[in-house]
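Q: I should like a close look at one part of this model, namely the surroundings of a bound ligand. Please set it in the context of the fold as a whole.

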Amino acid sequence: MKTYLVTGGAGFIGSNFIHYMFKKHENIKIINYDKLTYAGNLENLKSVENNSNYLFIQGDICDKDKLQQVFEKHDIDYVVNFAAESHVDRSIREPETFVKTNVLGTVTLLNAAKNDWILGDGFKSGKKYLQVSTDEVYGSLGKDGYFTEKTPLDSHSPYSSSKASADLMVKAYYDTYKMPLNITRCSNNYGAYQFPEKLIPLIINNCLNKRELPIYGDGLNIRDWLYVEDHCKAIDMVMENGKVGQVYNIGGHNERTNIHIVKTIISYIHDNVDSSVDESLIRYVEDRKGHDRRYGIDPEKIKTELGWYPETRFEDGIIKTIKWYLDNKDWMENVTSGDYQNYYKKMYL
Ligand code: NAD
Ligand code: TDX
């Protein structure tokens, strides 16, 4: 039985990953190690909390001693590092937290795994560390072309630069120590349990509350959207069969402008929930500083080497996602109470 240490498992992608893995594999143990920042929510994991193969530990990936205790107490085979500060707008206001968690935290975690897994000149067999990174480390594209694994790192925001810095430290642990590891770089995810500071859940929540819908700049920035479960599937496949030391890009060629996303959400809610919700709610606001224009992933490597392909078409995934938020209004109410109101006021009002 393999034991996974999933860091940041109470966040959006991490919690989806834990659900995905328990559905997919019968014989695994998962330890979810999460600091529970504003973005971490144990409600996301209610249905697995009594599973005897699941354990939650509250902890910071910057906490060397606590990580060492976890590795000493449990025989960890795989580490999947989702733990991060993940929101670009917050990084523009508060870069230091991003460097601390995303860079220092990653190195602390890498080191804890290395210390536990090292054996003579090499590593114990069956061990692997996977760094969950992002397409944003490659910077911004013009009208044509895609990011491949060979595209030079050219990050712009404090968030993406902290992720690029972490990637370079992960690379160093392979180049220097030959630690068994992979890096994955995925495009924008969407789906259940995403915190409503990110475009899609924020727009859904605002439509339901008839709040204005803030669109940065001209609304024509392009993101490449992937349904979160397709990302989870890719991580599982890279963990199992990815060649050690390699980077894998993950994306499904679903490029959409931001305004297209917003109009799709308005249209669904107008037709199915409240006909008074319409495009008059759209408000063009000041652009995000350093706003990357276009992201687009070339997923050829993961497709040809590992046989991965996305299963959910954007048109289906977005409807499934809107319906999930409609069916889980309590979840939304819960995460938008307290601190969220202050954040929203500072950002948008
Ligand atoms: P999220 O913000 O929803 O969740 C992050 C989780 O990490 C939270 O549960 C939080 O409590 C935890 N965390 C934060 N700091 C921590 C610390 N110091 N120690 C332990 N836990 C800590 O983020 P997400 O959207 O689920 O993203 C997960 C990972 O995937 C991130 O590394 C992000 O860079 C990457 N990624 C995200 C996307 C996307 O579209 N959301 C796309 C590509 C890659
Ligand atoms: O209110 C908004 N209005 C708006 O126009 C928000 C929140 C966003 N936007 C725009 C900015 C982006 O062009 O929508 C696009 C998507 O924004 P976010 O949801 O903040 O995502 P993005 O900045 O693209 O980053 C996301 O994808 C890559 C995740 O937050 C990162 O963690 C991941 O690495």
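Which residue places a backbone N or O atom 2.9 Å from an oxygen atom of ligand 2, and what else surrounds this ligand?

A: The residue is Tyr216, whose backbone N or O atom lies 2.9 Å from an oxygen atom of ligand 2. The model is a predicted one, and every distance given here is computed from it.

Two side chains also make polar contacts with oxygen atoms of ligand 2: a polar side-chain atom of Thr134 lies at 2.8 Å, and one of His291 lies at 2.7 Å. The protein covers 94% of the 650 Å² of accessible area that ligand 2 has on its own. Helix 6 (199–208) and strand 10 (213–216) are the elements that give two or more residues to its shell. Strand 10 provides the largest share, three residues. In total, 20 residues surround ligand 2, and those that come nearest are Glu136, Tyr159, Arg223, Arg288 and His291.

Tyr159 leads on to the other ligand, for it is also listed among the nearest residues to ligand 1, together with Ile13, Asp34, Ser86 and Lys163. The surroundings of ligand 1 comprise 28 residues. A nitrogen atom of ligand 1 is 3.1 Å from a polar backbone atom of Lys35, and a nitrogen atom is 2.9 Å from an N or O atom in the side chain of Asp60. An oxygen atom of ligand 1 is 2.8 Å from a polar backbone atom of Asn189. Of the 840 Å² of accessible area that ligand 1 has on its own, the protein covers 97%. Helix 1, strand 7 (128–134), helix 5 (158–177) and strand 9 (188–190) each supply at least two residues of this shell, and strand 7 gives the largest share, three residues.

Strand 7 is also part of the wider fold, an open sheet of seven strands in the order 3-2-1-4-7-8-12, paired in parallel. Its edges are strand 3 (54–58) and strand 12 (247–250), each of which pairs on one side only. Neighbouring strands are turned by 20° against each other on average, direction ignored. At the strand 3 edge, five bridges join that strand to strand 2 (residues 28–34), and Ile30 stands opposite Tyr54. Helix 1 (residues 12–24) lies across strands 1, 2, 3 and 4, and runs at about 170° to strand 2.

As for annotation, an unreviewed UniProt entry lists residues 5–320 as "domain: NAD(P)-binding". Over that range the chain is 40% helix and 19% strand.

Methods
Residues are numbered from 1 along each chain as its sequence is written. Chains are lettered from A and ligands numbered from 1 in the order in which they are written. This is a predicted model: local features need pLDDT of at least 70, side-chain atom pairs count only at pLDDT 80 or more; totals for chains, interfaces and linings use all residues. Side-chain values use heavy atoms; hydrogens and water are left out. UniProt positions are given in the numbering used here, feature names are shortened, and annotations may be inferred rather than shown by experiment. Helices (H or I, at least four residues) and strands (E, at least two) are DSSP runs, numbered from the N terminus. Two strands pair if DSSP finds at least two bridges between them. Axes are lines fitted to C-alpha atoms, for helices over the stretch in contact, and angles run from 0 to 180 degrees between N-to-C directions. Contact means heavy atoms within 4.5 Å. A residue is near a molecule or strand if one of its heavy atoms lies within 4 Å of it. A polar contact is a pair of N or O atoms within 3.5 Å; within protein, one must be able to donate a hydrogen and the other to accept it, and residues adjacent in sequence count only if both atoms are side-chain atoms. Accessible areas come from the Shrake-Rupley method with a 1.4 Å probe; for residues, only the protein chains shown count as cover.
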